[in-house]
Amino acid sequence: MGATKVVRYEHDRVYALEQSMVRSLLIIGDERALLFDAGVEEDDLMGIVRGLTDLPLVFCLSHSDRDHIANVSQFGTIYLHKDEEERFRKTGKAEGLELVTVEEGHVFDLGGRSLRVIACPGHTPGSISLLDAGNGILFSGDTVSYGPVYMFGDGRDMDAYIATLGKLKALYDKGDFADVYPCHNICPIDGACIEELIHCAKDLMAGVLEGVPA
């Protein structure tokens, strides 16, 4: 399987496709499966997915940073947020693919499992998370992570990021999810860490904390 290691989360019908610093997530319903992101190293992701499920597959990008798009050419149709489309096209990876844009509230019905798109601008303009309220899970992309969240470079917006974290914390406080499955660092993590991220981001903006170069 080359660069990719498969990790199964027993109770959730979720598999992580781990590639050193980043993970893609395969989420399985009764009738369809969804792959969230396409890794940082070239590998036969479609072959790996087909070794785990033969259900019809939906492919969706959390955002278009280069460490999430290495294998997008294996998937003919790509779902992504409308505010990420231009940024994705600039990567040169969109040629020959059908791009389908989604917005806040779009639902991927996998059969017995629904994933609702949560727009999460900040890390990039069109970053999204997927909310699996039925199982109490947020698939957060890069927006929530117990570890570094990179906020330098093209498209980053700290004010938008803080607003996004506030929105996610409100969903957590309401009980829409308890666990977070991020694309980097420890997985899964407790959604309570969102409050810590808010404090960190606000303190950075206020000059109380100093950013650290990656």
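**Reading strands, a sheet and a surface patch**

Analyst: Let's start at the N-terminal end: β1 (residues 5–9) and β2 pair antiparallel, with five bridges between them. Keep in mind that this is a predicted model.

User: How do I read a pairing like that, and which residue of β2 does V6 stand opposite?

Analyst: The general idea is that strands of a sheet pair through backbone hydrogen bonds, in either a parallel or an antiparallel way. Here, V6 sits opposite L17 in β2.

User: What about the turn in that hairpin: how many residues lie between the strands, and which one has a positive phi?

Analyst: Four residues lie between β1 and β2, and R13 is the one to look at, with a positive phi near 55°.

User: And on to β3: how many bridges join it to β2?

Analyst: Six bridges link β2 with β3 (residues 22–28), and the two run antiparallel. L17 turns up again here, opposite S24 in β3. The β2–β3 hairpin has two residues between its strands, and S20 in the turn takes a positive phi of about 45°.

User: Is β2 buried or exposed, then, and how would I judge that?

Analyst: Check each residue's relative accessible area; under 20% counts as buried. In β2 (residues 14–19), six of the six residues are buried, so the strand is largely enclosed by the rest of the structure.

User: Which residues cover each face of β2?

Analyst: Both faces are covered: V14, A16 and E18 are buried on one side, and Y15, L17 and Q19 are buried on the other.

User: Now the other sheet. What is the strand order, and is it open or closed?

Analyst: It's an open sheet of six strands with mixed pairing, and the order reads β8-β9-β10-β11-β12-β13. At the edges are β8 (107–109) and β13 (189–190), each pairing on one side only. Helix α3 (residues 158–174) packs on this sheet, where it touches β9, β11 (137–141) and β13. The direction of α3 makes about 145° with that of β9.

User: Inside that sheet, how do β9 and β10 run?

Analyst: Antiparallel: four bridges join β9 (residues 114–119) to β10 (residues 128–132). I118 stands opposite S129 in β10.

User: Last one: which residues form the nonpolar patch on the surface?

Analyst: L204, V208 and L209 do, with about 250 Å² of accessible area together. L209 belongs to the segment after α4 (193–206).

User: Why does L209 count as partly exposed?

Analyst: Partly exposed is the range between 20% and 50%. L209 has 39% relative accessibility, so it counts as partly exposed.

Terms used. Residues numbered from 1 in each chain as written. Predicted model: local features only at pLDDT ≥ 70, side-chain atom pairs only at ≥ 80, totals over all residues. Heavy atoms only, no water. Buried < 20%, exposed > 50% of the residue type's maximum accessible area, 1.4 Å probe, protein only. Pairing = 2+ DSSP bridges. Contact = heavy atoms within 4.5 Å. Axes fitted to C-alpha atoms, helices over the stretch in contact; angles between N-to-C directions. Patch = residues over 30% accessible without salt bridge, like charges linked within 9 Å, V, L, I, M, F, W, Y side chains within 5 Å. Areas by Shrake-Rupley, 256 points an atom, 1.4 Å probe, with all protein chains shown as cover. Salt bridge = Lys/Arg side-chain N within 4 Å of Asp/Glu carboxyl O.
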